[in-house]
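This report turns to the aromatic side chains of one model and to how their rings are arranged with respect to one another.

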Amino acid sequence: MKYAHIIGWGKYVPSRVLTNHDLERMINTSDEWIARRTGIRERHIADARETTATLAFEAAARALVVADLHPSQVELIIVATSTPEYIFPSTACRVQDYLGAIKAGAFDLSAACSGFVYALDMAAQAIATGSVRNAVVIGAETMSRVLDWEDRGTCVLFGDGAGAVVLKGSDIEGGVLASTLRSDGSGGDLLSLPAIYHNPVPTLEPEYFHNGHKHNTITMDGRQVFRFATQVIADSVNETMLKAGLRLEDVNLIIPHQANTRIIEAAAKRLKVPEERFYTNVQLLGNTSAASIPIALCDAVSDGRLHPDDNVIFVGFGGGLTWAASAVKWNVTPPTVSRPRQEWRRARYVYARGRSKIKRYGRRLGAWLGGSPTPDAKMRDIKKKP
Ligand code: ACO
(Lines give C-alpha, C1' and ligand atoms only; values in the text may rest on other atoms or scores of the structure.)
Protein backbone atom coordinates (compact mmCIF):
# COMPACT_ATOMS: atom_id res chain seq x y z
CA MET A 1 0.00 0.00 0.00
CA LYS A 2 1.24 3.47 -0.92
CA TYR A 3 0.55 6.70 0.91
CA ALA A 4 -1.03 9.42 -1.25
CA HIS A 5 0.76 12.71 -0.56
CA ILE A 6 -0.24 16.16 -1.76
CA ILE A 7 2.85 17.37 -3.59
CA GLY A 8 1.42 20.27 -5.59
CA TRP A 9 -1.38 22.84 -5.34
CA GLY A 10 -2.66 25.68 -7.47
CA LYS A 11 -5.64 27.98 -7.82
CA TYR A 12 -7.11 30.29 -10.39
CA VAL A 13 -9.81 32.90 -9.93
CA PRO A 14 -11.13 35.15 -12.71
CA SER A 15 -9.90 38.74 -12.56
CA ARG A 16 -13.35 40.37 -12.61
CA VAL A 17 -14.51 41.23 -9.07
CA LEU A 18 -18.16 41.75 -8.15
CA THR A 19 -18.53 43.53 -4.80
CA ASN A 20 -21.56 43.72 -2.53
CA HIS A 21 -21.85 47.37 -3.58
CA ASP A 22 -22.07 46.28 -7.22
CA LEU A 23 -24.90 43.91 -6.20
CA GLU A 24 -26.70 46.79 -4.46
CA ARG A 25 -27.06 48.36 -7.92
CA MET A 26 -28.45 45.13 -9.42
CA ILE A 27 -30.93 43.84 -6.80
CA ASN A 28 -32.66 44.91 -3.60
CA THR A 29 -29.85 44.08 -1.15
CA SER A 30 -27.15 45.80 0.89
CA ASP A 31 -23.48 45.30 1.67
CA GLU A 32 -24.44 45.37 5.35
CA TRP A 33 -27.02 42.51 4.98
CA ILE A 34 -24.72 40.27 2.94
CA ALA A 35 -21.66 40.85 5.13
CA ARG A 36 -23.56 40.35 8.41
CA ARG A 37 -25.38 37.17 7.33
CA THR A 38 -22.61 35.54 5.29
CA GLY A 39 -19.28 37.34 5.83
CA ILE A 40 -18.98 37.74 2.05
CA ARG A 41 -17.72 41.10 0.73
CA GLU A 42 -16.88 40.25 -2.86
CA ARG A 43 -16.60 37.40 -5.34
CA HIS A 44 -14.91 36.77 -8.72
CA ILE A 45 -16.93 36.24 -11.90
CA ALA A 46 -15.74 34.48 -15.06
CA ASP A 47 -15.66 36.51 -18.26
CA ALA A 48 -17.38 35.38 -21.45
CA ARG A 49 -14.36 33.45 -22.71
CA GLU A 50 -13.71 31.60 -19.45
CA THR A 51 -15.31 28.23 -18.77
CA THR A 52 -15.16 25.74 -15.91
CA ALA A 53 -12.62 23.80 -18.00
CA THR A 54 -10.33 26.80 -18.59
CA LEU A 55 -10.39 27.71 -14.88
CA ALA A 56 -9.67 24.07 -14.00
CA PHE A 57 -6.80 23.93 -16.49
CA GLU A 58 -5.17 27.08 -15.04
CA ALA A 59 -5.37 25.70 -11.49
CA ALA A 60 -4.04 22.28 -12.57
CA ALA A 61 -1.15 23.79 -14.55
CA ARG A 62 -0.08 25.79 -11.48
CA ALA A 63 -0.34 22.69 -9.25
CA LEU A 64 1.82 20.68 -11.67
CA VAL A 65 4.51 23.39 -11.52
CA VAL A 66 4.64 23.13 -7.71
CA ALA A 67 4.68 19.31 -7.96
CA ASP A 68 7.44 19.46 -10.59
CA LEU A 69 5.50 16.87 -12.60
CA HIS A 70 5.34 16.82 -16.41
CA PRO A 71 1.75 16.56 -17.72
CA SER A 72 2.67 13.49 -19.77
CA GLN A 73 3.37 11.68 -16.46
CA VAL A 74 -0.11 12.35 -15.04
CA GLU A 75 -2.15 9.15 -14.72
CA LEU A 76 -5.55 10.34 -13.46
CA ILE A 77 -7.51 13.60 -13.60
CA ILE A 78 -10.70 14.05 -11.56
CA VAL A 79 -12.69 17.27 -11.78
CA ALA A 80 -15.30 17.86 -9.09
CA THR A 81 -17.85 20.27 -10.51
CA SER A 82 -21.56 21.07 -10.65
CA THR A 83 -21.14 23.50 -13.54
CA PRO A 84 -19.64 21.57 -16.47
CA GLU A 85 -20.18 23.00 -19.96
CA TYR A 86 -21.07 19.52 -21.16
CA ILE A 87 -22.34 16.33 -19.55
CA PHE A 88 -19.89 14.74 -21.96
CA PRO A 89 -17.17 15.32 -22.89
CA SER A 90 -16.38 15.73 -19.21
CA THR A 91 -14.59 18.83 -17.96
CA ALA A 92 -11.78 16.47 -16.93
CA CYS A 93 -11.31 15.34 -20.56
CA ARG A 94 -11.06 18.94 -21.69
CA VAL A 95 -8.46 19.63 -19.00
CA GLN A 96 -6.59 16.48 -20.08
CA ASP A 97 -6.49 17.85 -23.62
CA TYR A 98 -5.41 21.38 -22.58
CA LEU A 99 -2.64 19.94 -20.38
CA GLY A 100 -1.47 17.40 -22.97
CA ALA A 101 -1.75 14.72 -20.28
CA ILE A 102 -1.56 11.96 -22.87
CA LYS A 103 -1.45 9.04 -20.42
CA ALA A 104 -4.22 10.14 -18.04
CA GLY A 105 -7.67 8.72 -17.39
CA ALA A 106 -10.14 11.55 -16.79
CA PHE A 107 -13.62 11.90 -15.35
CA ASP A 108 -15.92 14.37 -13.59
CA LEU A 109 -17.37 13.80 -10.17
CA SER A 110 -20.70 15.23 -9.03
CA ALA A 111 -21.09 15.72 -5.29
CA ALA A 112 -21.82 19.49 -5.21
CA CYS A 113 -19.81 21.39 -2.60
CA SER A 114 -18.46 18.12 -1.12
CA GLY A 115 -17.07 17.13 -4.53
CA PHE A 116 -13.44 18.01 -3.92
CA VAL A 117 -13.21 15.88 -0.76
CA TYR A 118 -14.97 12.98 -2.51
CA ALA A 119 -12.54 13.28 -5.45
CA LEU A 120 -9.53 13.51 -3.14
CA ASP A 121 -10.55 10.28 -1.46
CA MET A 122 -11.18 8.49 -4.80
CA ALA A 123 -7.75 9.52 -6.07
CA ALA A 124 -6.03 8.62 -2.77
CA GLN A 125 -7.62 5.15 -2.87
CA ALA A 126 -6.50 4.63 -6.48
CA ILE A 127 -2.95 5.54 -5.46
CA ALA A 128 -3.02 3.44 -2.28
CA THR A 129 -4.00 0.30 -4.22
CA GLY A 130 -1.41 0.90 -6.93
CA SER A 131 -3.98 1.48 -9.69
CA VAL A 132 -2.28 4.81 -10.51
CA ARG A 133 0.94 6.42 -9.32
CA ASN A 134 -0.32 9.98 -9.26
CA ALA A 135 -3.46 12.05 -9.81
CA VAL A 136 -4.58 15.62 -10.34
CA VAL A 137 -7.69 16.45 -8.32
CA ILE A 138 -9.51 19.65 -9.24
CA GLY A 139 -12.52 21.52 -7.91
CA ALA A 140 -13.77 24.03 -10.50
CA GLU A 141 -16.95 26.05 -10.90
CA THR A 142 -18.56 28.84 -12.88
CA MET A 143 -21.44 29.32 -10.45
CA SER A 144 -22.29 32.69 -12.02
CA ARG A 145 -23.73 30.79 -15.02
CA VAL A 146 -26.31 28.90 -12.94
CA LEU A 147 -27.57 31.68 -10.69
CA ASP A 148 -30.89 33.44 -10.95
CA TRP A 149 -29.51 37.00 -10.79
CA GLU A 150 -32.91 38.24 -9.64
CA ASP A 151 -33.05 35.90 -6.64
CA ARG A 152 -31.31 37.85 -3.85
CA GLY A 153 -31.51 34.81 -1.56
CA THR A 154 -28.96 32.90 -3.67
CA CYS A 155 -27.14 35.15 -6.17
CA VAL A 156 -25.24 37.07 -3.47
CA LEU A 157 -23.67 33.88 -2.10
CA PHE A 158 -21.63 32.38 -4.93
CA GLY A 159 -18.48 33.04 -6.97
CA ASP A 160 -16.33 31.42 -9.67
CA GLY A 161 -12.90 29.79 -9.41
CA ALA A 162 -10.84 26.63 -9.41
CA GLY A 163 -8.32 24.90 -7.17
CA ALA A 164 -6.23 21.79 -7.76
CA VAL A 165 -3.88 19.44 -5.98
CA VAL A 166 -1.43 16.86 -7.29
CA LEU A 167 -1.31 13.59 -5.36
CA LYS A 168 1.60 11.17 -5.60
CA GLY A 169 2.18 7.75 -4.10
CA SER A 170 5.05 7.35 -1.65
CA ASP A 171 6.35 4.83 0.88
CA ILE A 172 6.71 7.66 3.42
CA GLU A 173 3.89 7.47 5.96
CA GLY A 174 1.40 10.34 5.77
CA GLY A 175 -0.61 12.12 3.11
CA VAL A 176 -4.34 11.34 3.03
CA LEU A 177 -4.80 9.47 6.33
CA ALA A 178 -8.56 8.80 6.39
CA SER A 179 -11.81 10.03 4.89
CA THR A 180 -15.52 9.93 5.62
CA LEU A 181 -18.02 10.21 2.75
CA ARG A 182 -21.75 10.50 3.46
CA SER A 183 -25.01 11.33 1.69
CA ASP A 184 -28.73 11.76 2.37
CA GLY A 185 -30.77 11.94 -0.84
CA SER A 186 -33.96 12.65 1.09
CA GLY A 187 -32.71 16.24 1.41
CA GLY A 188 -32.08 16.65 -2.32
CA ASP A 189 -34.80 19.29 -2.65
CA LEU A 190 -33.14 21.60 -0.10
CA LEU A 191 -30.43 22.61 -2.53
CA SER A 192 -30.69 21.75 -6.20
CA LEU A 193 -29.60 22.63 -9.71
CA PRO A 194 -31.76 20.95 -12.37
CA ALA A 195 -30.22 19.71 -15.61
CA ILE A 196 -31.75 21.05 -18.81
CA TYR A 197 -31.85 20.00 -22.44
CA HIS A 198 -30.74 23.01 -24.47
CA ASN A 199 -31.29 21.15 -27.71
CA PRO A 200 -34.73 19.52 -27.51
CA VAL A 201 -35.69 16.71 -29.86
CA PRO A 202 -38.48 18.24 -32.02
CA THR A 203 -40.67 15.13 -31.89
CA LEU A 204 -41.00 15.24 -28.08
CA GLU A 205 -43.78 17.05 -26.26
CA PRO A 206 -42.84 20.56 -25.01
CA GLU A 207 -42.76 19.51 -21.36
CA TYR A 208 -39.75 17.33 -22.13
CA PHE A 209 -37.88 20.26 -23.68
CA HIS A 210 -36.86 21.50 -20.29
CA ASN A 211 -36.52 18.15 -18.56
CA GLY A 212 -39.59 19.00 -16.50
CA HIS A 213 -37.88 22.01 -14.93
CA LYS A 214 -38.58 25.68 -15.52
CA HIS A 215 -35.03 26.89 -14.92
CA ASN A 216 -31.57 25.48 -14.66
CA THR A 217 -30.64 27.77 -11.80
CA ILE A 218 -29.91 27.02 -8.16
CA THR A 219 -32.73 26.85 -5.64
CA MET A 220 -32.06 26.60 -1.93
CA ASP A 221 -33.78 26.45 1.43
CA GLY A 222 -31.16 28.54 3.23
CA ARG A 223 -32.26 27.90 6.80
CA GLN A 224 -32.48 24.12 6.43
CA VAL A 225 -29.10 24.02 4.68
CA PHE A 226 -27.63 26.11 7.50
CA ARG A 227 -28.88 23.66 10.13
CA PHE A 228 -27.68 20.64 8.13
CA ALA A 229 -24.23 22.15 7.53
CA THR A 230 -23.42 23.02 11.14
CA GLN A 231 -24.35 19.52 12.27
CA VAL A 232 -22.47 17.51 9.63
CA ILE A 233 -19.24 19.53 9.84
CA ALA A 234 -18.79 18.56 13.48
CA ASP A 235 -19.92 14.93 12.99
CA SER A 236 -17.71 14.22 9.98
CA VAL A 237 -14.64 15.93 11.48
CA ASN A 238 -15.04 13.81 14.63
CA GLU A 239 -15.51 10.59 12.68
CA THR A 240 -12.53 11.26 10.41
CA MET A 241 -10.24 12.12 13.33
CA LEU A 242 -11.21 8.85 14.97
CA LYS A 243 -10.37 6.86 11.81
CA ALA A 244 -7.04 8.69 11.41
CA GLY A 245 -6.13 8.16 15.08
CA LEU A 246 -6.01 11.91 15.72
CA ARG A 247 -7.28 13.93 18.67
CA LEU A 248 -8.65 17.44 18.28
CA GLU A 249 -5.45 18.87 19.76
CA ASP A 250 -3.40 17.07 17.04
CA VAL A 251 -5.25 18.95 14.29
CA ASN A 252 -3.45 22.13 13.27
CA LEU A 253 -5.92 23.47 10.72
CA ILE A 254 -9.46 22.74 9.54
CA ILE A 255 -10.26 23.88 6.00
CA PRO A 256 -14.04 23.79 5.62
CA HIS A 257 -16.12 24.38 2.51
CA GLN A 258 -16.42 28.15 2.32
CA ALA A 259 -20.19 28.69 2.31
CA ASN A 260 -20.40 31.46 4.89
CA THR A 261 -18.67 32.56 8.08
CA ARG A 262 -21.73 32.01 10.31
CA ILE A 263 -21.81 28.30 9.41
CA ILE A 264 -18.11 28.04 10.21
CA GLU A 265 -18.50 29.90 13.53
CA ALA A 266 -21.40 27.62 14.55
CA ALA A 267 -19.42 24.48 13.59
CA ALA A 268 -16.39 25.68 15.59
CA LYS A 269 -18.63 26.17 18.63
CA ARG A 270 -20.15 22.70 18.20
CA LEU A 271 -16.71 21.11 17.91
CA LYS A 272 -15.39 23.22 20.81
CA VAL A 273 -12.46 24.36 18.65
CA PRO A 274 -11.24 27.99 18.60
CA GLU A 275 -12.45 29.68 15.42
CA GLU A 276 -8.86 30.59 14.49
CA ARG A 277 -8.19 26.91 13.78
CA PHE A 278 -10.70 27.10 10.91
CA TYR A 279 -9.37 28.71 7.73
CA THR A 280 -11.70 31.15 5.97
CA ASN A 281 -11.39 33.17 2.77
CA VAL A 282 -15.09 33.32 1.86
CA GLN A 283 -14.99 37.08 2.49
CA LEU A 284 -13.13 37.70 -0.77
CA LEU A 285 -14.37 34.82 -2.95
CA GLY A 286 -17.92 33.92 -1.93
CA ASN A 287 -19.00 30.30 -2.12
CA THR A 288 -17.17 28.64 -5.03
CA SER A 289 -18.78 25.24 -4.33
CA ALA A 290 -16.42 22.33 -5.19
CA ALA A 291 -13.55 24.78 -5.76
CA SER A 292 -13.70 26.40 -2.33
CA ILE A 293 -11.59 23.89 -0.35
CA PRO A 294 -8.64 23.59 -2.78
CA ILE A 295 -8.61 27.39 -3.25
CA ALA A 296 -8.64 27.85 0.55
CA LEU A 297 -5.79 25.31 0.81
CA CYS A 298 -3.67 27.38 -1.61
CA ASP A 299 -4.42 30.56 0.34
CA ALA A 300 -3.64 28.84 3.65
CA VAL A 301 -0.25 27.74 2.28
CA SER A 302 0.59 31.23 1.02
CA ASP A 303 -0.60 32.76 4.33
CA GLY A 304 1.90 30.49 6.13
CA ARG A 305 -0.86 28.58 7.95
CA LEU A 306 0.50 25.11 7.05
CA HIS A 307 3.86 23.67 8.05
CA PRO A 308 5.56 20.32 7.45
CA ASP A 309 4.05 17.56 9.62
CA ASP A 310 0.87 19.53 10.34
CA ASN A 311 -2.42 17.63 10.37
CA VAL A 312 -5.11 19.32 8.31
CA ILE A 313 -8.76 18.35 7.92
CA PHE A 314 -10.80 19.21 4.83
CA VAL A 315 -14.56 19.16 5.36
CA GLY A 316 -17.21 19.70 2.69
CA PHE A 317 -21.02 19.73 2.69
CA GLY A 318 -23.63 20.53 0.11
CA GLY A 319 -26.26 19.46 -2.37
CA GLY A 320 -27.30 15.83 -2.53
CA LEU A 321 -27.27 16.15 0.39
CA THR A 322 -23.62 15.17 0.65
CA TRP A 323 -20.90 15.71 3.20
CA ALA A 324 -17.33 14.50 3.52
CA ALA A 325 -14.11 15.00 5.45
CA SER A 326 -10.48 13.98 4.90
CA ALA A 327 -7.56 14.09 7.33
CA VAL A 328 -4.22 14.81 5.67
CA LYS A 329 -0.69 14.87 7.03
CA TRP A 330 1.04 17.74 5.32
CA ASN A 331 4.57 16.39 5.17
CA VAL A 332 6.06 17.17 1.80
CA THR A 333 8.04 20.37 1.33
CA PRO A 334 7.44 21.71 -2.19
CA PRO A 335 10.39 22.18 -4.55
CA THR A 336 11.11 25.73 -5.66
CA VAL A 337 10.76 26.15 -9.41
CA SER A 338 12.61 29.04 -11.03
CA ARG A 339 10.70 31.67 -13.05
CA PRO A 340 12.28 30.79 -16.47
CA ARG A 341 11.47 27.12 -15.88
CA GLN A 342 7.87 28.03 -15.06
CA GLU A 343 7.62 30.08 -18.29
CA TRP A 344 9.11 27.20 -20.27
CA ARG A 345 6.44 24.92 -18.81
CA ARG A 346 3.67 27.28 -19.93
CA ALA A 347 5.02 26.98 -23.48
CA ARG A 348 4.30 23.27 -23.57
CA TYR A 349 0.56 23.94 -23.16
CA VAL A 350 0.65 25.94 -26.40
CA TYR A 351 2.22 22.86 -27.97
CA ALA A 352 -0.52 20.63 -26.43
CA ARG A 353 -3.25 22.81 -27.94
CA GLY A 354 -1.54 22.76 -31.33
CA ARG A 355 -1.27 18.97 -31.21
CA SER A 356 -4.94 18.66 -30.21
CA LYS A 357 -5.99 20.85 -33.16
CA ILE A 358 -3.91 18.81 -35.58
CA LYS A 359 -5.53 15.59 -34.28
CA ARG A 360 -9.01 17.09 -34.73
CA TYR A 361 -8.29 18.28 -38.27
CA GLY A 362 -6.72 14.91 -39.03
CA ARG A 363 -9.93 13.11 -37.98
CA ARG A 364 -12.04 15.42 -40.14
CA LEU A 365 -9.76 14.96 -43.10
CA GLY A 366 -9.84 11.17 -42.62
CA ALA A 367 -13.66 11.21 -42.49
CA TRP A 368 -13.81 13.37 -45.62
CA LEU A 369 -11.38 11.21 -47.58
CA GLY A 370 -13.06 8.02 -46.36
CA GLY A 371 -16.50 9.34 -47.29
CA SER A 372 -18.01 8.95 -43.82
CA PRO A 373 -19.88 12.12 -42.80
CA THR A 374 -18.94 13.91 -39.58
CA PRO A 375 -21.61 14.17 -36.83
CA ASP A 376 -22.19 17.84 -37.84
CA ALA A 377 -22.80 16.83 -41.47
CA LYS A 378 -25.15 14.03 -40.35
CA MET A 379 -27.20 16.51 -38.29
CA ARG A 380 -27.40 18.90 -41.28
CA ASP A 381 -28.72 16.01 -43.43
CA ILE A 382 -31.34 15.07 -40.80
CA LYS A 383 -32.55 18.69 -40.57
CA LYS A 384 -32.82 18.97 -44.37
CA LYS A 385 -35.16 15.97 -44.56
CA PRO A 386 -38.86 17.01 -44.61
N1 ACO B 1 -30.43 41.05 0.80
C2 ACO B 1 -31.34 41.57 1.63
N3 ACO B 1 -32.32 40.84 2.20
C4 ACO B 1 -32.38 39.53 1.90
C5 ACO B 1 -31.44 38.92 1.03
C6 ACO B 1 -30.44 39.73 0.48
N7 ACO B 1 -29.50 39.26 -0.35
N8 ACO B 1 -31.75 37.62 0.93
C9 ACO B 1 -32.82 37.41 1.71
N10 ACO B 1 -33.21 38.56 2.29
C11 ACO B 1 -34.31 38.79 3.20
C12 ACO B 1 -35.42 37.78 3.00
O13 ACO B 1 -36.28 38.16 1.96
C14 ACO B 1 -36.10 37.84 4.36
O15 ACO B 1 -36.92 38.98 4.39
P16 ACO B 1 -38.38 38.90 5.10
O17 ACO B 1 -38.08 38.57 6.53
O18 ACO B 1 -38.91 40.27 4.87
O19 ACO B 1 -39.11 37.83 4.38
C20 ACO B 1 -34.94 38.09 5.32
O21 ACO B 1 -33.86 38.61 4.54
C22 ACO B 1 -34.50 36.83 6.02
O23 ACO B 1 -34.34 35.83 5.03
P24 ACO B 1 -33.81 34.40 5.39
O25 ACO B 1 -33.65 33.60 4.15
O26 ACO B 1 -34.64 33.85 6.49
O27 ACO B 1 -32.37 34.81 5.94
P28 ACO B 1 -31.38 33.96 6.79
O29 ACO B 1 -31.12 34.63 8.06
O30 ACO B 1 -31.77 32.51 6.82
O31 ACO B 1 -30.07 34.12 5.91
C32 ACO B 1 -28.80 32.80 4.36
C33 ACO B 1 -30.05 33.62 4.58
C34 ACO B 1 -27.60 33.73 4.48
C35 ACO B 1 -28.83 32.19 2.98
C36 ACO B 1 -28.76 31.73 5.45
O37 ACO B 1 -29.95 30.97 5.45
C38 ACO B 1 -27.62 30.81 5.29
O39 ACO B 1 -26.52 31.17 5.61
N40 ACO B 1 -27.89 29.59 4.84
C41 ACO B 1 -26.91 28.61 4.58
C42 ACO B 1 -26.97 28.27 3.19
C43 ACO B 1 -25.74 28.55 2.43
O44 ACO B 1 -24.77 29.16 2.82
N45 ACO B 1 -25.81 28.06 1.28
C46 ACO B 1 -24.76 28.21 0.39
C47 ACO B 1 -24.88 27.19 -0.61
S48 ACO B 1 -25.02 25.66 0.07
C49 ACO B 1 -23.58 25.07 0.27
O50 ACO B 1 -22.60 25.56 -0.15
C51 ACO B 1 -23.59 23.88 1.01
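What follows describes ring pairs, the elements that hold them, and a charged side chain placed over rings.

The model is a predicted one, and a search of the whole structure finds five aromatic pairs. Among them is the pair of Trp-9 and Trp-330, which is tilted, with 4.9 Å from centre to centre and 45° between the planes. Because Trp-9 belongs to strand E1 (residues 3-12) and Trp-330 to strand E13 (residues 322-330), this pair ties together parts that lie 321 residues apart in sequence. Trp-9 and Trp-330 are both buried.

Strand E13 also holds Trp-323, whereas Phe-228 lies in helix H8 (residues 222-244), so the pair of Phe-228 and Trp-323 ties together parts that are 95 residues apart in sequence. The ring planes of Phe-228 and Trp-323 stand at 75°, with the centres 5.6 Å apart, and since planes over 60 degrees apart count as edge-to-face, the pair is therefore edge-to-face. Phe-228 is buried, as is Trp-323.

Elsewhere, Phe-57, Tyr-98 and Tyr-349 are linked into a cluster by ring pairs. Which rings of this cluster have Arg-353 over them, and at what distance from the ring centre? The table gives the two contacts.

| Charged residue | Ring | Distance to ring centre |
|---|---|---|
| Arg-353 | Phe-57 | 5.1 Å |
| Arg-353 | Tyr-98 | 4.2 Å |

Arg-353 thus lies over the face of Phe-57, and the charged end of Arg-353 also sits over the ring of Tyr-98.

Conventions:
Residues numbered from 1 in each chain as written. Predicted model: local features only at pLDDT ≥ 70, side-chain atom pairs only at ≥ 80, totals over all residues. Heavy atoms only, no water. Phe/Tyr/Trp six-rings, centres within 6.5 Å; stacked < 30°, edge-to-face > 60°. Helix = DSSP H or I, 4+ residues; strand = E, 2+ residues; numbered from the N terminus. Buried < 20%, exposed > 50% of the residue type's maximum accessible area, 1.4 Å probe, protein only. Lys NZ or Arg CZ within 6 Å of the ring centre and 35° of its normal.
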